[in-house]
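I opened my notebook to look up a few things in this structure. Here is what I jotted down, step by step.

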Amino acid sequence: MEKKEFITIRIWKDTKEKLEEIRIKEMLNKKKIVSLAQTIEILIETYNNQNKKS
């Protein structure tokens, strides 16, 4: 395996774990299933809101 591939896979694993954490928190809060796409939208919305205040 090439070094670039290894780094990409490692970053994806870390990202996937973080997305799953956020998705689970949202599901517990909203008491309904949250898709991966919705999780990404939540992250983008949160990021945008934080940058508007800065």
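**Notebook: helices, surface and one loop residue**

I began with Ile 7 and found this residue in helix α1. A reminder to myself: the model is predicted.

Next I asked whether Ile 7 is buried, exposed or in between. Its relative accessibility is 40%, so Ile 7 counts as partly exposed, because the partly exposed class lies between 20% and 50%. I then looked up its partners on the surface: Phe 6, Ile 7 and Ile 11 make a nonpolar patch of about 300 Å².

Then I turned to the overall fold. I noted 2 helices and 0 strands in the protein. The radius of gyration is 14 Å, well over the 10 Å from the globule rule for 54 residues, so the protein is more spread out than a compact globule. The C-alpha trace spans about 40 × 30 × 15 Å along the principal axes.

How much of the protein is buried? I wrote down 11% of the 54 residues. The protein exposes about 5,100 Å², and 58% of that comes from carbon and sulfur atoms.

For charges, I listed 13 positive and 9 negative side chains. The centres of these two sets lie 4 Å apart.

My last stop was Lys 31, in the loop between α1 (3-30) and α2 (36-53). Lys 31 counts as exposed because its relative accessibility is 71%, and the cut-off for exposed is over 50%. I also checked the backbone: phi of Lys 31 is near 60°, a positive value in a residue other than glycine. I marked that one, because most residues other than glycine have a negative phi.

Technical notes:
Residues numbered from 1 in each chain as written. Predicted model: local features only at pLDDT ≥ 70, side-chain atom pairs only at ≥ 80, totals over all residues. Heavy atoms only, no water. Helix = DSSP H or I, 4+ residues; strand = E, 2+ residues; numbered from the N terminus. Rg over C-alpha atoms; globule rule 2.2 N^0.38 Å. Buried < 20%, exposed > 50% of the residue type's maximum accessible area, 1.4 Å probe, protein only. Areas by Shrake-Rupley, 256 points an atom, 1.4 Å probe, with all protein chains shown as cover. Lys, Arg positive; Asp, Glu negative; His and termini not counted. Charge placed at Lys NZ, Arg CZ, Asp CG, Glu CD. Patch = residues over 30% accessible without salt bridge, like charges linked within 9 Å, V, L, I, M, F, W, Y side chains within 5 Å. Salt bridge = Lys/Arg side-chain N within 4 Å of Asp/Glu carboxyl O.
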